[in-house]
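Visitor: Before we begin, I would like to see the model, and then to ask how each label attached to it is justified.

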Amino acid sequence: MRQEGWNPSTYGIEEHGIENAGCVYWNLPASQLAEHAIRRAEGVVAHHGPLVVNTGKYTGRSPNDKFIVREPTSQDHIWWGAVNRGIDEPQFERIHQRVLAYLQNRDLFVQDCFAGADPTYRKPIRVISEFAWHSMFVRNMFIRPDWTKVQHHVPEYTIIAAPQFRAVPSVDGTRSEAFIYLNLGKKLVLIGGTCYAGEIKKSVFTIMNYCLPLQNIMSMHCSANIGSAGDVAIFFGLSGTGKTTLSADPERKLIGDDEHGWSDAGVFNFEGGCYAKVIRLSKQAEPDIYATTRRFGTVLENVVVDSLTRRLNFDDESLTENTRACYPINYINNAELSGVGGHPKNIIMLTADAFGVMPPVAKLTPEQAMYHFLSGYTAKVAGTERGITEPQATFSTCFGAPFMALQPSVYANLLREKIARHKAQCWLVNTGWIGGPYGVGNRIKIAFTRAMIRSILNGKLGAAPTQTDPVFGLQIPTACEDVPSEILMPRTSWKNAAEYDEKARDLAKRFEKNFESFSPTVSEEVCASGPRAK
């Protein structure tokens with residue numbers, strides 16, 4: 001076995017059971033990883049220097065192929081069910097041994113890094129991959145250690161990504177050729193059969209969602225930024241609802257765009273990079289993110305590139321709607337490079353309402369905040385998961401059910417306690433449709449949403465008069481600077497008010513049905529704060 005790279009760790013890959021590997025490349029910088037990716041025909045260099053890769057069949061997460069191992073140290077904590085499905089230890093071990101055999105004589109790329117910007121709570125991780133571009137992705141996404149000490153890096157959690165190893169369901173007991181298996185006892189994740197790098201990122205997120213709440217630290221699927229006065233805002237939401245876009249604000253520093261913890265000291269980023277959707281990306285609407293796609297070191301997934309000029313076409317969705325850019329957070333000019341901030345002053349819950357009946361912005365009571373956090377209503381946006389080609393109404397607990405390893409009440413109770421202790425103001429912001437449902441109405445203009453966010457953060461919207469929505473019970477501001485008043489009241493934006501009323505009642509029924517499973521775990525005040533169909 002030959003080793004190359006920067007300060008290979010003395011905790012070698014043999015510690016992970018990998019034997020007879022080809023060349024092992026340790027902690028290579030972006031320049032060398034890009035060279036290897038090109039040499040190995042993993043991708044192409046586009047105009048201005050980003051690396052463009054095609055993930056093939058899997059252009060989004062494959063949640064039906066993700067399983068957690070039932071083992072003694074974690075099984076009593078896991079929220080078992082449709083989201084967290086179990087496999088037994090022997091099944092995991094069989095495919096583990098097959099993966100180890102597959103990796104023999106193959107060149108491997110290793111990145112040692114951390115998850116968690118706060119040194120008190122960070123986790124040392126290691127990602128072993130067979131693709132150079134996956135290693136480049138990991139180097140962008142996570143927090144890099146001090147290179148003078150990296151040779152002493154001992155990972156607490158290890159991810160082995162072998163996308164070209166395709167499982168055989170009849171042999172391996174998998175659902176398909178793809179698998180994402182988490183063994184929290186062995187602190188090991190196996191990923192195979194899929195090239196989509198988001199599986200690596202979200203596996204680490206699932207680990208943090210398991211570990212931190214058990215230490216009384218709130219883990220959150222949210223973006224965060226900080227103003228010049230030190231005021232922190234967090235944005236909850238599923239992929240595609242605007243977390244990355246709305247937190248990239250030229251007037252505020254970006255703490256992070258997707259995953260955070262909230263400790264007694266404040267908010268901290270889990271990551272060192274961003275993973276932004278770039279379908280129909282434009283310089284005018286999202287200048288900061290657009291600028292990252294014109295830099296060497298950025299990895300672009302499934303973005304169409306001209307084979308001759310190597311210019312990018314962000315409007316082409318022929319490969320997927322879920323085109324992505326992965327870049328280090330310091331590519332954003334006004335990033336908060338420490339990755340930490342104080343306690344949030346504003347908590348914004350983002351939804352993309354496909355029915356077109358939710359208000360574009362509304363003020364939440366603490367009870368309503370807990371209700372909507374547990375509900376996690378939004379629309380699955382096209383391309384984020386395989387098989388989703390248009391927005392579909394859904395409820396995703398804690399705005400991130402696929403990544404929540406523990407019971408939802410664990411996260412909700414932590415949020416309730418922190419809102420009460422730090423007196424955060426909570427808001428619901430709809431980045432979805434108005435004037436009718438998807439296919440009839442229009443998606444709310446991003447300029448209007450930005451204006452609402454701006455008014456929330458500068459305190460003006462908190463002082464604005466409100467009107468109570470009769471179905472959803474939300475306090476809707478009647479005026480917002482730079483937003484037409486007719487936009488704020490969804491009922492008035494529909495051509496037929498009776499059709500609006502019918503759709504609103506229908507959605508309220510869906511809320512009520514979805515919340516039935518949570519009713520025994522929360523107070524009567526929280527149960528009573530949701531929408532009412534009658």
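Visitor: How many aromatic pairs does the rule give?

Guide: The count comes to 23 aromatic pairs, where rings of Phe, Tyr and Trp (its six-membered ring) pair if their centres lie within 6.5 Å, with planes under 30 degrees apart counted as stacked, over 60 as edge-to-face and the rest as tilted. This is a predicted model, in which local features need pLDDT of at least 70 and side-chain atom pairs count only at pLDDT 80 or more, while totals for chains, interfaces and linings use all residues. Residues are numbered from 1 along each chain as its sequence is written, and side-chain values use heavy atoms, with hydrogens and water left out.

Visitor: Why is the pair F472 and F511 called edge-to-face?

Guide: The ring centres of F472 and F511 are 6.5 Å apart and the planes stand at 75°, so the pair is edge-to-face. The two residues come from distant parts of the chain, 39 residues apart: F472 is in the loop between β30 (466-468) and β31 (475-477), and F511 is in helix α12 (residues 497-515). These elements are DSSP runs numbered from the N terminus, helices being H or I of at least four residues and strands E of at least two.

Visitor: What makes F472 and F511 buried or exposed?

Guide: F472 has a relative accessible area of 0%, and F511 is likewise at 0% relative accessibility; buried means under 20% relative accessible area, exposed over 50% and partly exposed in between (1.4 Å probe, protein chains only), so F472 and F511 count as buried. Ring pairs also link F472 and F511 into a cluster with Y371, Y377, F395, F515 and F518.

Visitor: What lies over the face of W80, and what sits over the ring of F403?

Guide: R70 lies over the face of W80, at 4.0 Å from the ring centre, and the charged end of K202 sits over the ring of F403, 4.6 Å from its centre. The rule asks for NZ of Lys or CZ of Arg within 6 Å of the ring centre and within 35 degrees of the ring normal.

Visitor: How many disulfides are there, and how far is the sulfur of C222 from the closest cysteine sulfur?

Guide: The count comes to zero disulfides, the rule being a pair of cysteine sulfur atoms within 2.5 Å. C113 is in no disulfide, as the nearest cysteine sulfur, that of C326, is 11 Å away. The sulfur of C222 is 12 Å from that of C398, its closest cysteine sulfur, which is too far for a bond. C113, at 3% relative accessibility, counts as buried, and C222, at 0%, is buried too.

Visitor: What is notable about phi in C398 and D482?

Guide: Most residues other than glycine have a negative phi. Phi of C398, however, is near 65°, a positive value in a residue other than glycine, and D482 has a positive phi of about 70° although it is not a glycine. C398 lies in the loop between β26 (392-395) and α9 (408-422) and is buried at 1% relative accessibility, whereas D482, in the loop between β31 and α11 (485-488), counts as exposed at 52%.

Visitor: Why is strand β23 described as largely enclosed?

Guide: Seven of the eight residues of β23 (residues 344-351) are buried, so the strand is largely enclosed by the rest of the structure. Two strands pair if DSSP finds at least two bridges between them; β23 pairs in the parallel sense with strand β13 (residues 232-236) over five bridges, and in the parallel sense with strand β27 (residues 425-430) over six. Among the partners, F235 is bridged to I348 of β23, while M349 stands opposite L428 in β27.

Visitor: What joins the side chains of S247 and S223?

Guide: A polar contact of 3.4 Å joins them, under a rule that takes a pair of N or O atoms within 3.5 Å, one of which, within protein, must be able to donate a hydrogen and the other to accept it, with residues adjacent in sequence counted only if both atoms are side-chain atoms. S247 lies in helix α6 (residues 243-247) and, at 0% relative accessibility, counts as buried. Leaving aside neighbours within four places in sequence, S247 is in contact (heavy atoms within 4.5 Å) with residues including S223, F235 and D257.
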